[in-house]
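This briefing describes a single protein chain for a reader working from its coordinates. The points below are grouped by topic, from the overall fold to individual residues.

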Amino acid sequence: MRKHFIVLSFLLILVNLNTSCSKKKYENTPLSSEWLLPLVKSNISTLTLTTLKDKEFGFGVTAEDLGLSSTEPSSSPIPLTFTNIGPFPIETNDLIHSIELDTCIIRFRITNNFPITIKAGTSFYIKSNVSPDPFFTMTFSNDIGNGSSEEFHLDLTGREIGKDLVFFFENITIGAYENQVLAGSLEFNCLIEQLSVRSVTVAANQVYVVADTSDFDGQSISYNEYDERIDDSMVRATIYFKGENELPINLTSQIYFIDDAFQVLDSVFTPHASIVAATYNGPGSYTPQKSSFETFIPKYRLENIKKATKMVNMLQFDSYSTASQNVTITNEQKLFYKVISDVKFPVNPSLF
């Protein structure tokens, strides 16, 4: 008695993604053989939409940013102060109008890689598009020498921020120096260590596209000598897509299989999977929308996928459904979807 099955293995990486796999084997009877595989099961929340969770950000201020040379020696017998250096934005995405934070702790580290001293009194501030005024200002109380760093934390718990957090140096003061080449930079790094949100206001008529590439071993789709005799009329993979959307955002999804030259060999959906936005009935009121359908991948397309070495998961979110108004969603609203593969042999392979 022989057991024959096709191994179809997908790897999908996404913000807040949970993947689980199980495989069923069936005896060779005249009934269908099949292998069920959950490809992806994911919840997209307001926190996911912010694209800020665990976000790292950095920038450097060079001598050229200060109007000085980083290649020619220079000197100054007195400290020099430079003003209005920036902006340096931390961006979310075009779907975001504003975010009402529950908790938010940001860790900052400033490292002086200049061969000169950054003087106490240097200050920077942070703004956002929800207000013309800075909501955070930091002034250095100590000098930062060459190769030294300072670290501190910013607590934005309970605040409202906009689409971007924008950093400006109000002033940078450097110590007196003689015959120095001002190579290097003043490096600024930050990490959002803690983040939870109460609500997100979605901007109207915007699009946000995520394309995530991961390694994929197409050779895991294998056939033995008996399986090779099965033609396209006898083998196919059925892809089931199910989703429920509580967000005022449309989603379209596609998974591409590519080779080392980044040529597209095939895809999962024809033309794509989609979930329409929840119907917005006014503040705090919405009607969820559901989507369920299936598509097929025949054996000749599985042969294309066998050549793939990478996989690209592409998601497009849009807010075209909000009737040109910004819509606020709470942290209780979610967009859930899952994709399941069912590879079938509708005949008894032992007949071949």
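A residue counts as buried when its relative accessible area is under 20%, as exposed when that area is over 50%, and as partly exposed in between. By this standard cysteine 104, with a relative accessible area of 2%, is buried. The model is predicted. The chain has 352 residues, of which 45% count as buried.

**Overall architecture**

- The secondary structure consists of two helices and 24 strands.
- Among contacts in the chain with a separation of 6 or more, 86% are between residues 24 or more positions apart.
- The chain has an accessible surface of about 16800 Å², and carbon and sulfur atoms account for 48% of it.

**Nonpolar core**

- In soluble globular proteins, nonpolar side chains tend to be buried together.
- The largest nonpolar core holds 74 residues, and the members that touch the most others are Phe124, Phe167 and Phe169.
- Strand 13, covering residues 186-202, makes the greatest contribution to this core, with eight residues.
- Leaving aside residues up to four places away in sequence, phenylalanine 124 touches several other phenylalanines, including Phe136, Phe140, Phe152 and Phe188.
- Under the same exclusion, the contacts of phenylalanine 124 also include Ile110, Thr137, Met138 and Glu170.

**Salt bridges**

- The whole structure contains nine salt bridges.
- Aspartate 94 and lysine 163 form one through their side chains, with an N to O distance of 2.7 Å. Aspartate 94 is in the loop between strand 5 (80-91) and strand 6 (96-112), while lysine 163 is in the loop between strand 10 (160-162) and strand 11 (164-174), so the pair ties together parts 69 residues apart in sequence.
- Both partners of that pair fall in the partly exposed class: aspartate 94 has a relative accessible area of 36%, and lysine 163 has one of 26%.
- Glutamate 151 and arginine 109 also meet through their side chains in a salt bridge, at 2.7 Å from N to O. Glutamate 151 belongs to strand 9 (residues 149-155) and arginine 109 to strand 6, so that distant parts of the chain, 42 residues apart, are linked.
- Glutamate 151 is partly exposed at 38% relative accessibility, and arginine 109 is partly exposed at 37%.
- A further salt bridge joins the side chains of arginine 301 and aspartate 266, again with 2.7 Å from N to O. This pair links helix 2 (residues 299-306), which holds arginine 301, with strand 17 (residues 264-267), which holds aspartate 266; the two residues are 35 apart.
- Arginine 301 and aspartate 266 are both buried.
- Glu100, Asp102 and Arg198 form one network through salt bridges that share partners.

**A buried asparagine**

- Asparagine 112 is located in strand 6 and is buried, with 0% relative accessibility.
- A polar atom of the asparagine 112 side chain lies 2.9 Å from the backbone oxygen of isoleucine 144.
- With residues up to four places away in sequence left out, asparagine 112 touches nine residues listed here in full: Thr117, Ile118, Ile144, Gly145, Asn146, Gly147, Ser148, Ser185 and Leu186.

**Cysteines**

- A disulfide is a covalent bond between the sulfur atoms of two cysteines.
- The structure contains zero disulfides. For cysteine 104, the closest cysteine sulfur is that of cysteine 190, and the separation of 9.7 Å is too far for a bond.
- Cysteine 190 is buried, at 5% relative accessibility.

**Backbone features**

- The peptide bond between glycine 86 and proline 87 is cis, with omega near 5°. Proline 87 is placed in strand 5.
- Threonine 270 and proline 271 are likewise joined by a cis peptide bond, with omega about -5°. Proline 271 is in the loop between strand 17 and strand 18 (273-275).
- Asparagine 84, a residue other than glycine, has a positive phi near 55°. Asparagine 84 is in strand 5 and counts as exposed, at 59% relative accessibility.
- Phenylalanine 262 also has a positive phi, near 65°. Phenylalanine 262 lies in the loop between strand 16 (250-258) and strand 17, and at 53% relative accessibility it is exposed.

Key
Residues numbered from 1 in each chain as written. Predicted model: local features only at pLDDT ≥ 70, side-chain atom pairs only at ≥ 80, totals over all residues. Heavy atoms only, no water. Core = buried A, V, L, I, M, F, W, Y, C linked by side-chain atoms within 4.5 Å. Buried < 20%, exposed > 50% of the residue type's maximum accessible area, 1.4 Å probe, protein only. Helix = DSSP H or I, 4+ residues; strand = E, 2+ residues; numbered from the N terminus. Contact = heavy atoms within 4.5 Å. Areas by Shrake-Rupley, 256 points an atom, 1.4 Å probe, with all protein chains shown as cover. Salt bridge = Lys/Arg side-chain N within 4 Å of Asp/Glu carboxyl O. Polar contact = N/O pair within 3.5 Å; in protein donor to acceptor, adjacent residues only side chain to side chain. Disulfide = S-S within 2.5 Å.
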